[in-house]
Amino acid sequence: MRKAKYGITAMLIIGIVFTLIGGIECICGLITFLCVSDDLGYLFLYIFVGNGLLFFILGVLFLSYEINRRLRANRLLNSGNFVLAEISDVTMQYFVRVGFRHPYIILCKYQDALGEIHTFKSRELLHIHRSILSGRSLLGQKVKVYVEDKNLKHYYVDIDEVL
């Protein structure tokens, strides 16, 4: 049973941080409400628990999105349904920075039997060997893209075989 590689993503980090902050704020608001008996206790309850619930719900939504994406990728990878797509471009994502470096993504194109062209994006890659980038030796190579039976919108690009 193979597992899809994703690593630590921004969505995962945001989900964990928001869930923890929301939980801590809710607990602090409830403790303060129980310790203070006058109207100030209700004020702390509304502010801290309300704000904490907002952060907690957002964190759970981010985490559930990331977990569903990872489960779908693992399911697709283990289903064995794939198409061979041609690598068309290797681009750097300038709007994302991880440790003063910009990650790369690999774009693949696939033409189905009806002649429609589908474009697939790989996961973000921090480490691509310089010889691959300088010679653009990846362009034109075939890569497996695992897809659902009828829906090409859900996919996982298996670039580990090429790299």
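Start by selecting strand β2, residues 104-111, in this predicted model: six of its eight residues are buried, and therefore the rest of the structure largely encloses the strand. With β2 highlighted, bring up its two partners in turn, beginning with β1 (residues 82-92), which runs antiparallel to β2 and is joined to it by six bridges. Two of the residue pairs make useful landmarks along this seam, namely Thr 91 with its bridge partner Ile 105 in β2, and Ile 87 with its bridge partner Cys 108 in β2.

**Ile 87, on β1**

Keep Ile 87 selected, since this residue of strand β1 is a good place from which to look around. Is Ile 87 buried or exposed? Its relative accessible area is 2%, and because buried means under 20%, Ile 87 counts as buried. If you display its surroundings and leave out the neighbours within four places in sequence, the contacts of Ile 87 include Ile 106, Leu 107 and Cys 108, and also Leu 138, Leu 139, Gly 140, Gln 141, Val 143 and Val 162. A distance label drawn from the C-alpha atom of Ile 87 to that of Phe 120 should read 9.3 Å, for two residues that lie 33 apart along the chain.

**Across to β3**

Phe 120 leads to the other partner of β2, for it is the bridge partner, in β3, of Cys 108. β2 and β3 pair in the antiparallel sense over five bridges, and a second pair to pick out here is Leu 107, which stands opposite Lys 121 in β3. The two strands form a hairpin with five residues between them, and in the turn you can select Gly 115, whose phi is positive at about 90 degrees. Colour the two faces of β3 separately, and you will have His 118 and Phe 120 on the covered face, with Ile 117, Thr 119 and Lys 121 on the uncovered one.

**The whole sheet**

Now return to β1 and move to β4, which pairs with β1 in the antiparallel sense over five bridges; Phe 82 stands opposite Tyr 146 in β4 along this seam. From β4 (142-147) continue to β5, the antiparallel partner that β4 meets over four bridges, where Lys 144 has Asp 158 of β5 as its bridge partner.

With these strands shown together, the sheet is an open one of five strands in the order β3-β2-β1-β4-β5, paired antiparallel. Which strands stand at the edges? They are β3 (117-121) and β5, and each has a single partner strand, so that one side of each is left without a neighbour in the sheet. Neighbouring strands in this sheet are turned against each other by 40 degrees on average, direction ignored.

**The helices**

Add helix α2, which lies across β4 and β5 and runs at about 65 degrees to β5. Then select Cys 26, whose place is in helix α1, and which counts as buried at 14% relative accessibility. Setting aside its neighbours within four places in sequence, Cys 26 is in contact with Phe 48, Val 49, Gly 52 and Leu 53. Of these, Val 49 is worth a distance label, as its C-alpha atom is 4.4 Å from that of Cys 26 although the two residues are 23 apart in sequence.

**The largest pocket**

End the tour at the largest pocket, which holds about 1,100 Å³ of space. It is lined by 31 residues, of which Tyr 6, Thr 9, Arg 69, Arg 123 and Glu 124 are the closest to its centre. The elements that give two or more residues to this lining are α1 (10-35), α2 (39-79) and β5 (155-158), and α2 gives the most, with six residues. Coloured by class, the lining of the pocket shows 17 nonpolar, seven polar and seven charged residues.

Finish on Arg 123, which is found in the loop between β3 and α3 (130-135) and is buried, with a relative accessible area of 16%. Beyond the neighbours within four places in sequence, Arg 123 is in contact with Lys 5, Tyr 6, Tyr 104, Ile 105, Tyr 156, Ile 159 and Asp 160. One of these, Ile 105, takes you back to strand β2, where it was met as the bridge partner of Thr 91.

Key
Residues numbered from 1 in each chain as written. Predicted model: local features only at pLDDT ≥ 70, side-chain atom pairs only at ≥ 80, totals over all residues. Heavy atoms only, no water. 1 Å grid on protein atoms, 1.4 Å probe; cavity = no way out; pocket = protein on both sides within 12 Å on 5 of 7 lines; lining within 4 Å. Points joined across faces, edges and corners; volume = space filled by probe spheres on them. Nonpolar A, V, L, I, M, F, W, Y, C, P; charged D, E, K, R; others polar. Buried < 20%, exposed > 50% of the residue type's maximum accessible area, 1.4 Å probe, protein only. Contact = heavy atoms within 4.5 Å. Pairing = 2+ DSSP bridges. Axes fitted to C-alpha atoms, helices over the stretch in contact; angles between N-to-C directions.
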